[in-house]
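Hi,

Here is the structure I promised to pass on. Have a look at it first, and my notes follow underneath.

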Protein chains: 2
Amino acid sequence: MLFDAAGFWRTSRQDGSLITQTAGQTDIRAVNLAVVLGHLRREAPCSRAAIAAATGLNKATVTSIVGDLIDRRLVRETQQTRNQVGRPATLLVLDGSAYAAIGLELSAHGLAALAYDTAGDQVLRWHRTGPGADARPGKAIAALAALARRAISTVESSGRQVLGITVGVPGLVDHAGVVVLAAGLDWHDVPLEAELRTALRRPDIPLHVGNDATLGALAEHTYGRRAGSADLVHVTGDTGIGAGIIVGGRLVQGNLGYAGEIGHLRMVPDGPECGCGRSGCLEALASLPAILRRTDTDPDLDPHLQLDTLIRRADSGEPSVTKVLTEAGSQLGYGLGTLVNLLDPAAIILGGGYARLAPYLLPALTRSLAEASVAPTADGRVVEASTLAGDAVSLGGVAQAFATLSAGKLPAPA
Amino acid sequence: MLFDAAGFWRTSRQDGSLITQTAGQTDIRAVNLAVVLGHLRREAPCSRAAIAAATGLNKATVTSIVGDLIDRRLVRETQQTRNQVGRPATLLVLDGSAYAAIGLELSAHGLAALAYDTAGDQVLRWHRTGPGADARPGKAIAALAALARRAISTVESSGRQVLGITVGVPGLVDHAGVVVLAAGLDWHDVPLEAELRTALRRPDIPLHVGNDATLGALAEHTYGRRAGSADLVHVTGDTGIGAGIIVGGRLVQGNLGYAGEIGHLRMVPDGPECGCGRSGCLEALASLPAILRRTDTDPDLDPHLQLDTLIRRADSGEPSVTKVLTEAGSQLGYGLGTLVNLLDPAAIILGGGYARLAPYLLPALTRSLAEASVAPTADGRVVEASTLAGDAVSLGGVAQAFATLSAGKLPAPA
């Protein structure tokens, strides 16, 4: 829960009194557009006149906005009429299948692509292994660009326009789409967004690069079992440990785009060395690679097989594996306790590999979370496994591309 | 920075495809009211017709909204006209002095009251000591109610209407205004808002109780030196250590209202005992009471004198004092490093007693913050003392009462 901190009578302190300041100009067109779209989503089919009456907007404004929506093939007219008396009005309906959004994921294990259209139909869903955690950035970017080109071509040959492409990466991503640090990929300052844009040669398609955990949280908030929960956290530990954070229904990205880095919380003063150069970080104790290492899982296996093997050993009650998973759950619970004390979320979703390990992690995790948490009772706070399987990050990419529409920003006309 | 996570085409997963869902009904009247008020703040004096033309709202809607604003004495008509040709239009101006908002603070040291009117003029500013940290809740509530009554009477006898009263308290406050836990006051589950409402017998005046650090952050965001900074944290340690958090221009309160509890971050496994029952918490090491205790400051002195004495000793370079302040700064820096990793704020403001101690805390604090922070460089992140002196909490109460206006919620007509 939150309220708008920017007071209407925003004032500044000067000589002990407060002086009224000028607020920034609101983009009224975008606000009106969002209002019209919102009305159509709830009430369509409906007429332009009905929209004007319900929203308080004047008819010329509604007509102009609807014209833009029709030009963009987001809305179309139907010949059906609702009223039996009076002059029949042409009704408007949402036009669902003209656009699709593409979400891509780059991880240490491989690449994924997912596309949905505005009607909610899945257009494509691909996974491929490689280019591998030790690949040079150039090779990974070439592979991503090839996948993106194939996805664009598939969407366009189905008669849909690409609304946008968002790529999720396991690392710190700044607002310009530079991967400042991705320890699991050994990337430093890779201008992924710019290079991908150059490689694609499609300046007409909005392209964004974001943090994987952040996009995972957006997917959970939009499509997951706790969809709509205003205060939600999505945690993954497949390479580093990252948290995607939704506060008051909005994604927290931070001033520079670096929010959600829970992995380097110092848990043990002289703990194991971390990839970041410190020691005793949560990531060094409880990430999936740390768990696999501590259970002597064969590192030459395919990553999915490593996890399968680990789960088989845990299922058979192998004490050394149970011990490692209990310890990891406990550390993760303490780490999440800090996050809970700072942000008080309603739901914590365990994503990626953590989702499959949840049955073994949760008992110790829940105990240490309760111990570390200041709030006297959990009061219905949920900690549970993601139901989005391996798709959360790419699905978050799809959701981000769609989200621009909700802000009243229309795609360029085809 | 953040973007709206609620995608326009919000859909839910079912059988592998996404189905369009119905969104909640927007309060279009409040949106339109905020749009009209926003236009008036930027452009007044202006006519109703000019507002309609600029906002796209129809004239009947604008007329109705302006009527409400005039009824509430937020706007008034003037006889001056802008156009030299055509029929003269009556112009509208903002009416600044009809309302005042009251902010109250309850701390272990005493009570404070502050009121400003909508024109930005200070109506009152009071401080009083007592009822003391060891007073029973009933006594404190009676003292607060007496102060609130005096403030209401002062505002009303000046011809202004009270827009709202917000009370800041150093503890966990839920959304119903129950002080669930205030360790520094030894309060547990005190229904402060309900009891104060009963004591005041003024159901016409909106009354809210909030966390002190949260209100401090709102004051910094609205009136402080970093006013308008979208991602800002305000930290105080006068009783417990609390963080008020602004993310994307909005206050973070959490699902239950418990956000910002940075004080119980576990810093040292076997550190000093904390009031919460754990040991090694940040609060037990770096809060103002911990600092005063560790420097053997006379606990029988008035709290302000204790701080004065401490600062005098630090100024004279007394090694035991310098050592304690350096250690506290260092622990605080590590704790804030965790917050920075999770939220990536642009500015961290040291409030309350920390503001005066900032020169002694900041060198070690800045070092350990940089060490704990994942982001490779600070890139202009600011850590500095508050300029709002002791008024941040009550000023935040004033800001909160004004903030309801920005959401398009009007006060009841007088």
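First, the cavity rule: on a 1 Å grid over the protein atoms alone, a cavity is a set of points where a 1.4 Å probe fits but cannot get out, and lining residues have an atom within 4 Å of a point. This is a predicted model, so local features need pLDDT of at least 70 and side-chain atom pairs pLDDT 80 or more, while totals for chains, interfaces and linings use all residues. Residues are numbered from 1 along each chain as written, chains are lettered from A in the order written, and side-chain values use heavy atoms, without hydrogens or water.

The rule gives 6 cavities of 30 Å³ or more. The largest is about 50 Å³ (volume being the space filled by probe spheres set on the points, which are joined across faces, edges and corners). Its lining takes in Val340(A), Asn341(A), Asp344(A), Val374(A), Ala375(A) and Arg381(A), plus Leu172(B), Tyr258(B) and Glu261(B).

Now the rings. A charge sits over a ring if NZ of Lys or CZ of Arg is within 6 Å of the ring centre and within 35 degrees of the ring normal. Arg266(A) does this to Tyr334(B), at 4.5 Å from the centre. Within chain B, Arg150(B) lies over the face of Trp126(B), 3.9 Å from the ring centre.

Last, strand 12 of chain A, residues 207-211 (strands are DSSP runs of E, at least two residues, numbered from the N terminus). Of its 5 residues, 4 are buried (under 20% relative accessible area, 1.4 Å probe, protein chains only). Strand 8 of chain A runs parallel to strand 12, joined by 5 bridges, and Gly168(A) has Gly210(A) as its bridge partner.

Cheers

Key:
1 Å grid on protein atoms, 1.4 Å probe; cavity = no way out; pocket = protein on both sides within 12 Å on 5 of 7 lines; lining within 4 Å. Buried < 20%, exposed > 50% of the residue type's maximum accessible area, 1.4 Å probe, protein only. Pairing = 2+ DSSP bridges.
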